[in-house]
Amino acid sequence: MAGPGAAAGSAAIPAGSASQPERAAAAAMASVASYESLVHAVSGALGSVTAMTVFFPLDTARLRLQVDEKRKSKTTPAVLLEIIKEEGLLAPYRGWFPVISSLCCSNFVYFYTFNSLKALWVKGQHSTTGKDLVLGVVAGVANVLLTTPLWVVNTRLKLQGAKFRNEDIVPTNYKGIIDAFHQIIRDEGVLALWNGTFPSLLLVFNPAIQFMFYEGFKRKLLKRQVELTSLDVFVIGAIAKAVATTLTYPLQTVQSILRFGRHRLNPENRTLGSLKNVFYLLRERVRRFGLMGLYKGLEAKLLQTVLTAALMILVYEKLTAATFTVMGLKHSRRH
């Protein structure tokens, strides 16, 4: 069942009064603007906010390990203890609001696009692994292009006031989200808000791979049982995210550095740009730290992102199911 939006859309064009292409276009618009897609988007956004809030300190440790490569502490607990000792008890939650705001917008866009496109393409039939991957990539590209400025700003705010070991990092002084936007545009140009877009576009394969594995595991389990338990959802969500994160982590490191944008390239003393320095950063990291330098902070990232993704998917599934139940609508299984 496509929901009230679909019913309204189809009712708007009486049978026989429009051509077949017009009816098809109306049906497509009804699927995109359906109540079901909105429920998925809101549930995904709320699920991500809940999960990120719970595991936010782990993300702080991960980001510090990625950006401040001269930090000697290698493990997540050690980095968190250093941050608390040097910067205060609440320092692991620095930048919480801009991150949560960005995450909420980002997941709303992703889940809305993914489920709207799925409604158009699958049309009530069983999906496939290939379709899930393609849908994930398209939804990811839309998400990156629309929300990268929010992520650039929240990365800067999250690292503002941090005690860095790397002397090549230029400090910032932002008063908040609006002031950060203003200063970045004034000092670095409007395109600086899209720093890290190239690796971000490559990284659309991260959620695409995650959802491909998640939907695949989900379909297999649903062949053997009527519905998934909370533990089933949590475990397959964690496994899917672990695979996706491990495969794409080097690009995530470059993405964080470019979004932060406050390193200088010595000896020219220039601030890093975006696209042209992606491969430079990868090569430089391997040269200075070896191949494993590409995976510095992976422990913190896996710990944070796997737990966050698993909890997010669990909350998302439960909220979606509960909403459709409360509204008296059938939750269509497009899996």
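Good morning. I begin with residues 1-17, over which pLDDT stays under 50. For that stretch the model nevertheless has 21 contacts beyond four places in sequence. A second such stretch covers residues 266-274, where pLDDT again stays under 50 and where the model has 20 contacts beyond four places in sequence. This is a predicted model, and I would like to place these two stretches in the context of the whole chain.

The protein chain averages a pLDDT of 78, and 80% of its residues score at least 70. Which elements stand at the lowest and the highest mean pLDDT? Helix H1, residues 4-11, has the lowest, at 34, while helix H7, residues 177-188, has the highest, at 90.

Let me turn to the overall architecture. The secondary structure of the chain comes to twelve helices and two strands. Read from the N terminus on, the order is α-α-α-α-α-α-α-α-α-α-β-β-α-α. The chain has 335 residues, of which 52% count as buried. As for contacts between residues at least 6 apart in sequence, 79% join residues at least 24 apart.

The next topic is annotation. An unreviewed UniProt entry lists residues 38-58, 95-113 and 133-153 under "transmembrane region". In the model, the span 95-113 is 95% helix and 0% strand, and its end C-alpha atoms lie 27 Å apart. The span 133-153 is 100% helix and 0% strand, with 29 Å between its end C-alpha atoms.

I come now to the internal space. Rolling a probe the size of a water molecule over the atoms shows where empty space is left. How many cavities of 30 Å³ or more does the count give? The count comes to two. The largest cavity holds about 900 Å³ of space.

What lines the largest cavity? Its lining is made up of 40 residues, and those nearest its centre are Leu103, Ser106, Trp151, Lys241 and Lys301. The elements that give two or more residues to this lining are helix H3 (35-67), helix H5 (96-122), helix H6 (129-159), helix H9 (205-224), helix H10 (230-260) and helix H12 (298-326). Among these, H6 gives the most, with nine residues. By class, the lining has 14 nonpolar, 20 polar and six charged residues.

I shall close with four individual residues, beginning in helix H6 with Lys158. Is Lys158 buried or exposed? Lys158 counts as buried because its relative accessibility is 3%, under the 20% cut-off. Leaving out residues up to four places away in sequence, Lys158 touches Phe56, Asp59, Thr60, Leu63, Arg94, Gly95 and Val99. With Gly95, Lys158 is 63 residues apart in sequence, yet the C-alpha to C-alpha distance is 4.1 Å.

Helix H4, residues 76-87, contains Thr76. With a relative accessible area of 2%, Thr76 is buried as well. Its contacts, apart from neighbours within four places in sequence, are with Leu58, Ala61, Glu299, Ala300 and Leu303. Thr76 and Arg62 are 14 residues apart in sequence, and their C-alpha atoms are 7.4 Å apart in space.

The remaining two residues are in helix H10. One of them is Ala238, which is buried at a relative accessible area of 14%. Setting aside residues up to four places away in sequence, Ala238 touches Val306 and Ala310. Between the C-alpha atoms of Ala238 and Leu303 there are 9.9 Å, for residues 65 apart along the chain. Leu303 was also named among the contacts of Thr76.

Ile257 likewise lies in helix H10. A relative accessible area of 6% makes Ile257 buried. Where does Ile257 stand with respect to Leu63? The two are 194 residues apart along the chain, and their C-alpha atoms are separated by 9.0 Å. Leu63 appeared earlier as one of the residues that Lys158 touches.

To return to the opening point, pLDDT stays under 50 over residues 1-17 and over residues 266-274, in a chain that averages 78. Thank you for your attention.

Technical notes:
Residues are numbered from 1 along each chain as its sequence is written. This is a predicted model: local features need pLDDT of at least 70, side-chain atom pairs count only at pLDDT 80 or more; totals for chains, interfaces and linings use all residues. Side-chain values use heavy atoms; hydrogens and water are left out. On a 1 Å grid over the protein atoms alone, a cavity is a set of points where a 1.4 Å probe fits but cannot get out, and a pocket is an open set with protein on both sides within 12 Å along at least five of seven lines; lining residues have an atom within 4 Å of a point. Grid points are joined across faces, edges and corners, and a volume is the space filled by probe spheres set on the points. Ala, Val, Leu, Ile, Met, Phe, Trp, Tyr, Cys and Pro count as nonpolar, Asp, Glu, Lys and Arg as charged, and the others, Gly among them, as polar. pLDDT is the predictor's confidence in each residue, from 0 to 100. Contact means heavy atoms within 4.5 Å. Buried means under 20% relative accessible area, exposed over 50%, partly exposed in between (1.4 Å probe, protein chains only). UniProt positions are given in the numbering used here, feature names are shortened, and annotations may be inferred rather than shown by experiment.
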